[in-house]
Amino acid sequence: GRKLYLGGLNIKSKVGTLGHSDGDPVLHSITDAILGACNMGDIGKMFPDKNKQFKNIRPIVFINQINALKSIKITKYKVSIGSLVTYSDFQDFIISYFPNLIEYINRIGGDQIRNMGTIGGNIANGSPIGDIAPLLIALGGKMQISSKEKSKKIYVEDFFIEYGHQAISGNEYIHGFEISNPKNKKFEFKAYKVSKRRYEDISTITGAFYYENILNKEKEFNCE
């Protein structure tokens, strides 16, 4: 029979809950509350029961205590961004290195979302209305995907295979992201977000544009 899960815990019981995934009413209620606060529908819309990918899936793996995934490390040639870096912490980096993107970052959710939402989470869910993916793609960013057995690096652009399908398996997680240190280049980088409301709203469309004039070489122009 079905197992009983409450808040991610397996409760010893002769009966369990029905559900397409694990049927955990506590976690599903929290998920619905978060999605509703973000104006993103409900759990049935985000994780439809017609999708076999979510059949009997267990959603709980708490990695928020891993401090190594919360840092932004800046070296001479690259910037490494942990997957658990919040929007708020990312905002501090943006102010120093991409000051013209301050308004763009400020339009990602409200203070609560920016303090809890992470860069890795924004990329991992594969949402076509995600605000961070256009920035990293236009910058030629890479991401490190790891598992217990191995680790690999791919371009952020290659992570999105098609709608609802990302280049990551069930035993893998996003460790972090990597971009070139912007202090070493002369470039123009701008991003724009269009939404029904100016603040705290999902994107109707976003665009990021990177232009670099390379001496004695062809000019490089990336957009997403």
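**Close-up views of a predicted model**

**View 1. Leu-6 in strand S1.** At 34% relative accessibility, Leu-6 counts as partly exposed, because that class lies between buried, under 20%, and exposed, over 50%. The model shown in this and the other views is predicted. Leu-6 belongs to strand S1, which covers residues 4-6.

**View 2. A nonpolar patch on the surface.** Leu-6 is also one of the residues of a nonpolar surface patch of about 490 Å². The other residues that make the patch are Leu-9, Ile-11, Val-26, Ile-30 and Ile-34. Two elements, strand S2 (9-11) and helix H1 (25-37), each give two or more residues to the patch. The largest contribution is that of H1, with 3 residues.

**View 3. Helix H1 and the residue Asn-39.** Helix H1 has 13 residues, which at 1.5 Å a residue should span 18 Å. The C-alpha atoms at its ends are 18 Å apart, so the span agrees with the expected one. Asn-39 follows H1 and has a positive phi, near 55 degrees.

**View 4. The largest nonpolar core.** This core holds 34 residues. Those that touch the most other members are Phe-90, Ile-123, Ile-132, Leu-135, Met-143, Phe-177 and Phe-189. Helix H7 (residues 133-138) supplies the largest share of the core, 5 residues. In soluble globular proteins, nonpolar side chains tend to be buried together.

**View 5. Contacts of Phe-177.** Leaving aside residues up to four places away in sequence, Phe-177 touches Val-79, Ser-80, Ile-81, Ser-83, Ile-119, Gly-120, Ile-123, Leu-136, Lys-142, Met-143 and Val-156. Among these contacts, Ile-123 and Met-143 are also listed with Phe-177 as core residues that touch the most other members.

How values were computed
Residues are numbered from 1 along each chain as its sequence is written. This is a predicted model: local features need pLDDT of at least 70, side-chain atom pairs count only at pLDDT 80 or more; totals for chains, interfaces and linings use all residues. Side-chain values use heavy atoms; hydrogens and water are left out. Patches are made of residues with over 30% relative accessible area and no salt bridge: like charges are joined within 9 Å, nonpolar side chains (Val, Leu, Ile, Met, Phe, Trp, Tyr) within 5 Å. Accessible areas come from the Shrake-Rupley method with a 1.4 Å probe; for residues, only the protein chains shown count as cover. A salt bridge is a side-chain nitrogen of Lys or Arg within 4 Å of a carboxyl oxygen of Asp or Glu. Helices (H or I, at least four residues) and strands (E, at least two) are DSSP runs, numbered from the N terminus. Buried means under 20% relative accessible area, exposed over 50%, partly exposed in between (1.4 Å probe, protein chains only). The expected span of a helix is 1.5 Å times one less than its number of residues. A nonpolar core is a set of buried Ala, Val, Leu, Ile, Met, Phe, Trp, Tyr and Cys residues joined through side-chain atoms within 4.5 Å. Contact means heavy atoms within 4.5 Å.
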